[in-house]
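Please examine the sequence and the structure shown below. The explanation that follows proceeds from individual helices to domains and then to a contact between chains.

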Amino acid sequence: MTTTANPKTTKDTTVRASRATKDRSAGKRRSSTIIVTAVLVVVATYFLVPVYWVVVAATKSTADLFGTNGFWFAPTFALWENISRVLSYDNGIFLQWFLNSVLYAGVGALVATYFAAAGGYALAKYEFRGRNLVFGTILGGVLVPGTATALPLFLLFSQMGIANTYWSVLLPSLVSPFGLFLCRIYSQATVDTSLMEAARLDGASELRIFHTIGLRVLTPALVTVFLFQLVGIWNNYFLPLVMLSDSNLYPITLGLNNWLSQVDRLPEFYELTTGGVLLSIIPLGIAMVVLQRFWRGGLTEGSVK
Amino acid sequence: MTTTSHTAGAQPRQEDRPGQRTPTKAARGTHRTGATARAPWILLAPFLALFLLTFILPIIVALISSFTKVTRSGLFGEAGVTSGFAGFSNYAQALSDGSFVASIGRMLLFGVVQVPFMIVLCTVLALMLESGSAKWPGFFRAAYFLPYGVPGVIATILWSFLYVPGLSPLLDIAGVFGLSPDFLGPDTVLWSIANIVTWSYTGYNMLIIVAQLKSIPVELYEAAKVDGASTLRVATSIQLPLIRPALVLTTVFSIIGTLQLFAEAQVLKTVAPAIDSQYTPNLSAYTTAFAYNDYNVAAAQAVLIALAAFTLSFVFLKFTNRKSS
Amino acid sequence: MAQLSRRQLLGAGLGTAALGILTGCATPGVTSVNTKPVIPAAGGEPVTITYWAWLKDLQNVADVWNAANPQIQVNVEWIPGGNAGGYQKLYSALAAGGGPDLAQIELRTIPEFVLVNGLVDLSRYGAEEYASRYDKTLWGQVQYAGGTYGIPQDAGPMGMFYQPEVLAKVGAQPPATWEEWAAVGKELRTQDAYLDCFPLADASVFTAFATQAGANWLKAEEDGWVINMTDDATMDVARFFDKAITDDIVQTGYGAYSPGWFAAAAKGGIGSVTSGSWGDALVQGVSGGEGKWRVAPMPIWGSTGYGSSYLGGSTAAVLANSKHPREALEFATWMTTSKEGIDAMILNSGIGWSPAPEFIGTTRLEPSPFFSGQRYNEEIFVPASAAQNQDWSWWPVTQQSFNILSDGFRKKASGTSLMDSIVTSEQQIMTVFRNKGLTIRKEAS
């Protein structure tokens with residue numbers, strides 16, 4: 001509903017705004033600022049409304065959730081009760097889910113970034129037979145939907161006996177074809193071959209050259225790859241859904257959906273779900289706001305030529 | 001795709017032989033040659049090993065099981081179950097399943113509407129944020145980007161509360177104006193999903209475009225200013241052409257993302273009777289595998305989904321390349 | 001050179017290992033546990049049994065047993081309900097060669113698990129000696145191909161929960177037949193209320209109505225499965241609801257017990273719900289509903305068919321990879337037939353109808369304050385559980401059949417009648433059977 005309303009206004013105002021700036025008088029300039037800002041405020045409302053709703057909803061009891069206006073607080077303020085119930089339900093399983101998510105995303109992203117950096121650097125800085133074939137294959141991997149490999153991977157892991165373990169979610173998270181792709185581009189552009197040669201003459205081993213010269217120069221790109229992979233794993237749902245059956249291994253996405261799926265039998269799960277959703281988006285929301293400035297050009301530099 | 005991955009899977013092993021024999025120009029001395037030739041493979045090894053395990057092998061498994069068929073004798077197969085080569089019969093079965101084909105058609109419709117809409121929206125937002133006419137651009141950038149940090153499942157749970165009659169304040173507000181929109185009806189629920197996807201990914205795509213906009217040299221803007229170009233003109237003749245790579249990238253990712261849609265439909269299904277268990281191709285494959293226990297047909301469906309994503313991305317890239325040259 | 005060959009060897013080794021894995025994971029569930037030797041009793045050693053179920057607080061029930069049986073300790077793990085994720089977990093655990101000893105599986109899903117060799121045939125462990133303790137209809141629904149594949153755990157004989165005040169607006173009493181039901185529904189529309197919902201997206205309710213009318217969709221015969229979904233009973237029920245939907249007598253916008261339903265029921269916009277006995281707990285969730293609801297027998301199809309039908313119901317089934325099937329069976333029969341087991345399940349887990357006709361549960365013998373002191377369990381549901389279509393049995397692709405049916409029913413909005421979609425659904429279901437490698441034919445009329 002809100003979505004369809006937005007684009008029209010947005011487009012109109014850009015046109016108007018641009019016409020306005022043709023004349024460089026200060027008055028017009030101010031008016032264009034007002035118009036552009038107004039549009040941005042409307043769009044921001046759209047993005048923030050669901051978050052606002054869950055903040056309000058988390059303060060309500062189930063009866064108030066259905067009985068009072070969703071955009072305003074109810075007379076009884078039940079936020080702390082709700083949150084303590086979320087944290088204490090089933091011996092604090094929520095915290096377990098949260099820690100699992102941190103483990104999958106944190107460890108997965110860190111290791112994946114390192115492997116992608118090593119691979120991307122190798123493909124960029126060394127000449128060897130089969131290089132293009134390897135790179136082409138990995139590039140193909142970027143295009144294969146992650147969900148298409150999840151089902152066969154489950155059968156494979158079942159056979160290996162690691163389905164329904166931490167490894168079954170962690171191992172696939174350690175591979176980031178897109179990260180390798182970025183690292184290769186970035187290595188080509190920034191890692192100085194003559195510096196590598198000098199290090200070789202000094203007798204440094206190839207691995208040492210990568211760790212001392214390569215990784216340091218690549219750092220900005222690594223931050224981007226790390227964040228990309230972090231959010232990717234944090235948001236992943238299909239893979240853990242397919243792999244895990246033990247709820248102690250669940251990441252937060254799976255756990256909350258588990259709670260939601262019970263509301264039709266047990267309405268008290270409404271409070272647990274809204275409280276849990278609120279708790280789960282606070283840390284990530286903060287992280288997004290703080291980290292968004294690191295999300296830099298590395299993503300697209302020369303990506304599609 | 002399949003053929004490339006097949007050969008590539010075996011590649012590393014075959015290829016290190018010639019690499020060791022032919023000295024690299026860069027290397028000095030025979031001792032060095034071996035180390036330099038080995039180095040890229042050592043560096044690549046962890047990635048390739050995992051890539052082999054989590055991409056190549058599953059693709060091979062999917063291919064094998066998609067060509068396997070189970071035959072049973074007796075009422076439940078209690079008199080014997082055998083599996084054997086199936087030819088293309090699993091593919092034929094997947095493609096003759098009306099619900100599965102319908103789900104692909106539904107995603108095409110979704111992609112044709114939602115992807116351009118989102119790309120236009122995020123481009124316009126990026127241009128406005130970077131136009132210098134907006135106040136507090138940092139705040140807006142953060143606000144738009146925030147939903148990206150909300151996992152699709154949780155975003156869907158959030159929005160489902162805003163869609164469900166009896167709970168949704170949006171419906172209450174609409175009711176004041178005498179409207180009673182049905183967000184979860186058979187004709188509207190697809191667009192309710194589109195809204196969730198747009199909400200989640202617009203900020204992320206916008207940030208990619210902003211990053212590319214920031215990399216445009218200042219001189220270009222100054223030259224345009226000297227020529228007296230309008231903001232609109234600057235946007236169409238300088239900014240848009242230069243952010244083309246970012247647009248292509250975000251579009252390709254959005255196309256792949258569309259075919260992968262799963263969580264949104266699966267979660268919304270609990271409140272929307274209009275969503276059946278094969279609403280999206282992925283949901284279809286999941287249902288076939290885990291509710292109908294037909295891993296072989298599910299594998300065929302997964303292969304078909306991957307092929308579709310591959311073809312669409314490829315066609316789109318070809319199309320944009322031709323256009324630019 | 002030495003280095004080279006070592007690497008080649010390693011490569012070859014890895015290749016072989018990979019190939020072994022690949023060929024090994026072709027298709028899960030093709031070997032049957034029921035052809036292997038029977039697993040003997042643990043014989044004195046204490047054993048732990050795991051039970052995956054979605055009933056809430058079932059561990060409390062198991063604890064009652066655990067206190068009295070130190071040799072057989074039962075550990076309950078909660079899973080999502082049935083097709084909301086529980087079965088997926090069970091199937092994946094089976095495919096991975098693991099899983100619990102016991103699992104909650106709905107009656108209608110038993111044959112699906114049999115098809116993937118997921119269940120232990122309990123008749124090999126002496127289940128027959130318990131047969132007499134169970135409701136005949138329910139016991140019949142766990143018998144397939146000469147084996148017993150689950151222990152009935154709870155069920156839902158159908159009755160009609162109604163609001164006398166709403167019906168009184170048109171001067172109506174609870175309808176005894178579906179004809180009367182349609183007439184009351186029509187009257188209620190003048191009062192801006194619906195008598196009931198009809199779920200287009202959930203075929204299980206329609207199936208229960210057809211069962212009541214005497215339908216018998218699938219039969220297992222010597223030469224394979226025999227299907228008949230277009231018999232008179234089914235077609236009459238379909239025709240009836242086709243007309244009810246077209247005449248706008250039933251609400252199809254939301255289903256029973258959805259948020260929209262609760263809102264409408266509280267405002268008197270919904271007069272009744274014809275549902276399983278477990279609906280009592282849900283009806284009590286209608287805000288301000290105390291004293292406003294009563295229970296009546298389900299309407300009947302004139303002179304044909306049965307007095308009631310079962311809607312829902314689940315079993316405790318022993319999974320194929322269980323190490324202790326005998327002990328699991330022992331616990332399952334205690335839980336479902338002993339007084340303390342049944343009472344504990346009602347108290348903690350709020351189960352549906354007890355599968356043991358001997359004992360419906362202590363609290364269920366009491367008059368209910370919510371239902372204005374009515375002793376509805378004895379009055380309505382005991383007779384209902386006796387008036388069942390005992391010939392009905394489920395088949396190995398029930399869930400998929402239900403999805404096919406509801407996909408067809410959804411097209412009612414665009415003008416395809418229920419009757420037509422049942423005819424096409426039957427064809428599709430036959431294709432599904434054949435795709436699974438099973439034999440099926442249409443019953444000669």
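In this predicted model, the buried residues of α14(C) pack against two strands of chain C, β6 (151–162) and β12 (294–297). Helix α14 of chain C spans residues 376–386, and its buried residues are Tyr376(C), Asn377(C), Ile380(C), Phe381(C), Ala384(C) and Ser385(C). Because they cover an arc of only 120° around the axis, they lie on the same side of α14(C).

Helix α12 of chain A, residues 252–260, presents another case: nine of its nine residues are buried, so the rest of the structure largely encloses it. Among these buried residues are Ile252(A), Leu254(A), Leu256(A), Trp259(A) and Leu260(A), and also Thr253(A), Gly255(A), Asn257(A) and Asn258(A). The elements that cover them include α4 (79–125), α11 (238–243) and α13 (269–291) of chain A, and the cover also includes α6 (152–163) and α12 (263–268) of chain B.

Chain A is also described by its domain assignment, which gives domain 1 as 7–57 and domain 2 as 87–303. Four residues of domain 1 of chain A are in contact with four residues of domain 2 of chain A. On the domain 1 side of this contact, the residues comprise four nonpolar, no polar and no charged.

The contact between chain C and chain A takes 15 residues from each of the two chains. On the side of chain C, α1 (2–24) and α3 (86–95) each supply at least two residues. Of the elements there, α3(C) gives the most, with four residues. By class, this side of chain C has eight nonpolar, five polar and two charged residues.

Notes
Residues are numbered from 1 along each chain as its sequence is written. Chains are lettered from A and ligands numbered from 1 in the order in which they are written. This is a predicted model: local features need pLDDT of at least 70, side-chain atom pairs count only at pLDDT 80 or more; totals for chains, interfaces and linings use all residues. A residue is buried if 20 or more other C-beta atoms lie within 10 Å of its own, exposed if 12 or fewer, and partly exposed in between; C-beta atoms are placed from the backbone. Two residues are in contact if their C-beta atoms, placed from the backbone, lie within 7 Å. Domain bounds come from an automatic or database domain assignment. Ala, Val, Leu, Ile, Met, Phe, Trp, Tyr, Cys and Pro count as nonpolar, Asp, Glu, Lys and Arg as charged, and the others, Gly among them, as polar. The arc is that of the directions from the helix axis to the C-beta atoms.
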